[in-house]
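Trainee: Please take me through the salt bridges up close. I'd also like to know how buried or exposed the partners are.

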Amino acid sequence: MNQTIAPQSGIMEITLYQGGEAHVDGVAEVVKLSSNENPFGPGEKAREAFAKTVHKLHRYPSSDHAALRRAIAEVHGLDADRIICGAGSDEIITFLCQAYAGPGDEVIHTEHGFSMYRISTLAAGATPVEVAERERVVDIDAILAASTDKTRLVFIANPANPTGTMIDENEIARLAVGLPAQAILVLDAAYADYVEGYDGGAALVEQRENVVMTRTFSKLYGLGGLRIGWGYGPRPIIDVLNRVRGPFNLSATQLETAEAAIRDRDYAKKCRLENARLRVWLAEALAELGVPSDLSCANFILARFHDQAEAEACDDYLKSRGLIVRRVAGYKLPNCLRITIGDESSCRRVAHAIAAFREGKG
Ligand SMILES: *Cc1c(COP(=O)(O)O)cnc(C)c1O
């Protein structure tokens, strides 16, 4: 009699994810710098592989993703049997929460951490625990102090989004060693591809039983629209995640495009170098205008303004000129704007517009 239709507890606490805006009313041509996308898109080889898959759309795709896992393993020097592929790294994050956290369990994310950690935690019925950062940098000691016998997962992005900051590999190893025995450390390495020579935490995964790394094709590889990511972890954990993964979670189009993309190392390198060059240029140009940012290791910078009002006024001004960047008040950074590194002309346009904004204020 008193039965009502209601979702599982925790679900209604989820605030809907706000994607980066893509349109401005009344402005026909916009430059979208709000979602950390590769401004050049995927390389030619990935585009060709994508197009070819039109001939097999009636066939079910591979359910073990063996060819893509082999390609990833070869390129990164990993064990293909410990790789799991998903619809973006978001899906790997979802699998982790679903498989390892439930009612009564705690999942740690940091103050400015990526919003998917909290969403997936609540969707699994578990309790998100937010830990303070220190000057926009992940604080290992604060995480260790916050971990309890209920902690099941700890999510850290390195480099982090939206701060762009990175912590040292020794610090991450110290965290992995110091966590309680039942907790998994998840290293979200979505931006690791932008850091020359950084393995995203793969070596730590090899050494430990409690570390999982997640990666994506959405950023450097320019395939955010196609939804492909992967995880690397200890065999027992990957085995668990494969049990909750739908057998056909990725289409042949996703699998084959990603395989071509990861094998095209020249294109990836070209994009990495161009991003690094323009990131330095934009950060310096804004610093000269009195808009500082932390040293970013990713494909965006987090521009800091005097206060929230100035950040919002600048955002409105940029928007009026067709430049869409990201407000990050939802990430507890109300005085900041996150600006994706676009191509050269976009970076110049942003710098000129912010200069004009600053001058307009006299
Ligand atoms: C963009 C991003 C991802 C990637 O998400 P996908 O689902 O792979 O597109 C993961 N983590 C962080 C911190 C990100 O910014």
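Mentor: Let's settle one word before we start: a residue is buried under 20% relative accessible area, exposed over 50%, and partly exposed in between, with a 1.4 Å probe and protein chains only. This is a predicted model, so local features need pLDDT of at least 70 and side-chain atom pairs count only at pLDDT 80 or more, while totals for chains, interfaces and linings use all residues. Residues are numbered from 1 along each chain as its sequence is written, and side-chain values use heavy atoms, without hydrogens and water.

Now have a look at Arg-304 and Asp-294, whose side chains meet in a salt bridge at 3.2 Å, N to O. Arg-304 sits in strand S9 (residues 300–304), and Asp-294 sits in the loop between helix H10 (265–288) and S9, so this pair ties together parts that are 10 residues apart in sequence. Both Arg-304 and Asp-294 are buried. Elsewhere, salt bridges with shared partners join Glu-21, Glu-312, Asp-315, Asp-316, Lys-319 and Arg-327 into one network.

What counts as a salt bridge here is a side-chain nitrogen of Lys or Arg within 4 Å of a carboxyl oxygen of Asp or Glu. By that rule, the count comes to 28 salt bridges. One of them joins Arg-82 and Glu-206, with the closest N and O atoms 2.7 Å apart. This pair links distant parts of the chain: Arg-82 is in the loop between helix H2 (66–76) and S2, Glu-206 is in helix H7 (residues 202–207), and 124 residues separate them. As for the labels, helices (H or I, at least four residues) and strands (E, at least two) are DSSP runs, numbered from the N terminus. Arg-82 is buried, at 14% relative accessible area, whereas Glu-206 is partly exposed at 38%.

Next, compare a pair inside one helix. In helix H8, Arg-243 and Asp-239 form a salt bridge at 3.1 Å, N to O. They are 4 residues apart in H8, which means that about one helical turn separates them. An α-helix has 3.6 residues a turn, so residues three or four places apart point the same way. Arg-243 is exposed at 65% relative accessible area, and Asp-239 is partly exposed at 38%.

So what about the rest of H8? In this helix (residues 235–244), Ile-237, Ile-238 and Leu-241 are buried. These three lie on the same side of H8, because they cover an arc of only 95° around the axis, taken from the directions from the helix axis to the C-beta atoms. Pro-236 and Arg-243 are exposed on the other side of H8, so you can place the arginine of our salt bridge there. The cover over the buried residues includes strand S2 (83–86), helix H3 (88–100), strand S6 (184–188), strand S7 (211–216) and strand S8 (229–232), where contact means heavy atoms within 4.5 Å.

One last check, on the cysteines. How many disulfides are there? The count comes to 0, with a disulfide taken as a pair of cysteine sulfur atoms within 2.5 Å. The sulfur of Cys-297 is 16 Å from the closest cysteine sulfur, in Cys-336, too far for a bond. For Cys-314, the closest cysteine sulfur is also in Cys-336, at 12 Å, again too far. Cys-297 is buried at 18% relative accessibility, and Cys-314 is buried at 0%.
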